[in-house]
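Student: Got a minute to go through this one with me? I'd like to know what to look at.

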Amino acid sequence: MRGLIGKKIGMTHLFDKDGTQIPVSVIQVGPCPVVQVKSPKKDGYAAIQLGFGVVRPTKVKLARAGHCKKAGLPAYRDLQEFRVENADEFEAGQIIDVTIFKDTAEVDVTGKSKGRGFTGLHKRHNFHGGPASHGSKSHDVAGSIGSSAYPSRVMKGKKMAGRTGYTRFTVKNLKVVEIDLENNLMMVRGAVPGAANTILRITASS
Amino acid sequence: MDILNQIAAKRMKESVPQFSVGDTVRVDVRVVEGGRERVQAFQGTIIQRRGSGLGETFTVRKVTQGVGVERIFPLHSPNVSAIRVLRRGKVRRAKLFYLRQLMGKAARIEEKTEKAEE
């Protein structure tokens, strides 16, 4: 089992032994109980479903509340599945915490990035814009968006202004700087998606 | 936010000498050269203190052979091994960037006396 659900706390920095500042993201990782075990026999694949963030049963859909209750657990706001090699090692109700990452050097962190709303080309696709001076008036225009008679249309996927962010993405190979087993905290070097309190999926890098 | 402050508090220096903008200080900086470690001193006037907590920094300015030299030190860096206050300065602003335009006698700072503190 090489993954857990977590929550972004924020960023800070630490000093290295030689005084170098290391930017770190602080993530609260777990502890996550196993809500359901999926076996190849019954479900066609081996996985465990983990829960994170206890809420009142009335705060989730009735189906979710019942699902959690079946495992003898309180209701969880977030459920995520993690593939395992052998599902028999796990049972519902078992709690998995940050200890599993104790000997892990690097992790991948998945989450939803901050939503930026409708943004222009510079921010969304890193276009560099037109010349600022020398009589130029095209400071912030997209330029040509394609050829003329052929294809007589704009190609699909053309980079244009639009809604930016709030997409799921993964930051790979983040170095684990420190793990606080007592408080279920993990510090990784660099940034992770989203603002504080964003729900994250943390897996050991392969 | 609270967790972040706790993490930072654990890594902050237990005691930092009291000094403020305008003071003349001597900062002992740890330098590692080819595996050898030694302490280098940097003496000058504090012209800025900014930030809070673990991220607090201060800027020291000195003039060497007519050339102004400024260094920014993270207050809680392990490389800043000691800060000694040599002289308290009497200043009327938080940032002394105006010193950059001044040379020699004009760049002096009046010393803070006990009486002035009252």
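Tutor: We'll take the chain contact, then the strands, then some backbone details.

Tutor: Keep in mind that this is a predicted model.

Student: Okay. How many residues does each chain put into the contact?

Tutor: Chain A gives 17 residues and chain B gives 13 residues.

Student: And what area is buried between chain A and chain B?

Tutor: About 1,100 Å². Carbon and sulfur atoms account for 67% of that area.

Student: Which three residues supply the most of what chain A buries?

Tutor: A:I9, A:H13 and A:F15. Together they supply 37% of the area that chain A buries against chain B, more than any other three residues.

Student: How many salt bridges between the chains?

Tutor: The count is one salt bridge. B:R11 pairs with A:E178 there, and the closest N and O atoms are 3.0 Å apart.

Student: What about polar contacts?

Tutor: Three residue pairs are in polar contact between chain A and chain B, counting pairs with both residues at pLDDT 80 or more.

Student: Which strands of chain A supply residues to the side that touches chain B?

Tutor: β1, β2 (21-29), β10 (168-180) and β11 (185-189) of chain A each supply at least two residues to that side. β1(A) gives the most, with seven residues.

Student: How do the residues on that side divide into nonpolar, polar and charged?

Tutor: Seven are nonpolar, five are polar and five are charged.

Student: Switching to strands. What does β1 pair with?

Tutor: One partner is β12 (residues 199-204) of chain A. β1 covers residues 3-15 of chain A, and the two strands run antiparallel over five bridges. To find the pairing on screen, go to A:G3, whose bridge partner in β12(A) is A:T203.

Student: Which way does β7 run against β12(A)? Parallel or antiparallel?

Tutor: Antiparallel. Four bridges join β7 (residues 106-112) of chain A to β12(A). A:T110 has A:R201 as its bridge partner there.

Student: What's the strand order in the open sheet of four?

Tutor: The order is β5-β4-β3-β6 in chain A, with antiparallel pairing.

Student: Which of those stand at the edges?

Tutor: β5 (75-83) and β6 (95-96) of chain A. Each has a single partner strand, so one side of each is left without a neighbour in the sheet.

Student: How many bridges join β3 to β6(A)?

Tutor: Two, and the strands run antiparallel. β3 spans residues 32-38 of chain A. One bridge to look up is A:C32 with A:I96 of β6(A).

Student: Now the backbone. Where is there a cis peptide bond?

Tutor: Look from A:Y150 to A:P151, where omega is near 10°. A:P151 is in the loop between α3 (121-125) and β9 (162-165) of chain A.

Student: Why flag that bond?

Tutor: Because most peptide bonds are trans, just as most residues other than glycine have a negative phi.

Student: Then which residues other than glycine have a positive phi?

Tutor: Among them are A:Y166, with phi near 50°, and A:N197, with phi near 75°. A:Y166 lies in the loop between β9 and β10 of chain A. A:N197 lies in the loop between β11 and β12 of chain A.

Student: Is A:Y166 buried or exposed?

Tutor: A:Y166 counts as exposed because its relative accessibility is 55%, and the cut-off is over 50%.

Student: And A:N197, buried or exposed?

Tutor: Exposed, at 51% relative accessibility.

How values were computed. Residues are numbered from 1 along each chain as its sequence is written. Chains are lettered from A and ligands numbered from 1 in the order in which they are written. This is a predicted model: local features need pLDDT of at least 70, side-chain atom pairs count only at pLDDT 80 or more; totals for chains, interfaces and linings use all residues. Side-chain values use heavy atoms; hydrogens and water are left out. Two strands pair if DSSP finds at least two bridges between them. Contact means heavy atoms within 4.5 Å. Buried area is the accessible area (1.4 Å probe) that two parts lose on being put together, summed over both. A salt bridge is a side-chain nitrogen of Lys or Arg within 4 Å of a carboxyl oxygen of Asp or Glu. A polar contact is a pair of N or O atoms within 3.5 Å; within protein, one must be able to donate a hydrogen and the other to accept it, and residues adjacent in sequence count only if both atoms are side-chain atoms. Ala, Val, Leu, Ile, Met, Phe, Trp, Tyr, Cys and Pro count as nonpolar, Asp, Glu, Lys and Arg as charged, and the others, Gly among them, as polar. Buried means under 20% relative accessible area, exposed over 50%, partly exposed in between (1.4 Å probe, protein chains only).
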